[in-house]
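Subject: Handover of the model, with notes on side-chain contacts

Dear colleague,

I am passing the structure on to you with this message, and would ask you to keep it open while you read. My notes come after it.

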Amino acid sequence: MDCLFCKIIAGEIPCTKVYEDDGVFAFRDINPQAPVHVLLVPKKHMRNILECDGETAAALTKAIGEVAKLEGVKEDGFRIVSNCGKHGCQSVEHLHIHLLGGKQLSEKMD
């Protein structure tokens, strides 16, 4: 498989790791859109949120809370986004959740 995020998880491509557990790997986005911009990806390859099973959803939810605490955005708030498909501007076909925070975010999502 020629998946960018699978290669990052495997250590074949360097990244700045923020968090890791048995099912989730989290690292800093290389093009941050906020002071805190972390990508959370399941270690098991799935193309997008539509392929996500309950076990993976639970692991990602737990990891979101851990990363928010580690990054110091749990109290003031943050945004999570998962792009899906072409019209959703998904750039890598491996399920990933963006965690954005560290400043007051705009209410607009476009």
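The notes below take the aromatic pairs first and the salt bridges afterwards. Please bear in mind throughout that this is a predicted model.

Aromatic pairs

The count of aromatic pairs comes to two. In one of them, F5 and F27 meet edge-to-face, with 5.5 Å from centre to centre and 70° between the planes; an angle over 60 degrees is what places a pair in that class. The contact between F5 and F27 links distant parts of the chain, since F5 belongs to helix α1 (residues 4-9) and F27 to strand β2 (residues 24-28), 22 residues apart. Both F5 and F27 are buried.

F27 also pairs with F25, and here the arrangement is tilted, with the centres 6.0 Å apart and 45° between the planes. F25 counts as buried because its relative accessible area is 5%, and F27 does so because its value is 4%, the limit for that class being under 20%. Taken together, the ring pairs join F5, F25 and F27 into a cluster.

Salt bridges

Side chains of opposite charge can pair when their charged atoms come close. Searching the whole structure gives seven salt bridges, and I describe some of them here.

D2 and K7 form a salt bridge through their side chains, at 2.6 Å from N to O. D2 is exposed, with a relative accessible area of 69%, whereas K7 is partly exposed at 25%.

A salt bridge also connects the side chains of K17 and E20, at 2.8 Å from N to O. K17 counts as partly exposed because its relative accessibility is 48%, and E20 falls in the partly exposed class with 37%. K17 and E20 further belong, with K43, to a network of salt bridges.

Finally, R28 forms a salt bridge with E71, where the closest N and O atoms are 2.8 Å apart. R28 lies in strand β2, while E71 lies in the loop between α2 (54-70) and β4 (78-81), so this pair ties together parts of the chain that are 43 residues apart in sequence. R28 itself is partly exposed, its relative accessible area being 34%.

With kind regards

Conventions: Residues are numbered from 1 along each chain as its sequence is written. This is a predicted model: local features need pLDDT of at least 70, side-chain atom pairs count only at pLDDT 80 or more; totals for chains, interfaces and linings use all residues. Side-chain values use heavy atoms; hydrogens and water are left out. Rings of Phe, Tyr and Trp (its six-membered ring) pair if their centres lie within 6.5 Å; planes under 30 degrees apart count as stacked, over 60 as edge-to-face and the rest as tilted. Helices (H or I, at least four residues) and strands (E, at least two) are DSSP runs, numbered from the N terminus. Buried means under 20% relative accessible area, exposed over 50%, partly exposed in between (1.4 Å probe, protein chains only). A salt bridge is a side-chain nitrogen of Lys or Arg within 4 Å of a carboxyl oxygen of Asp or Glu.
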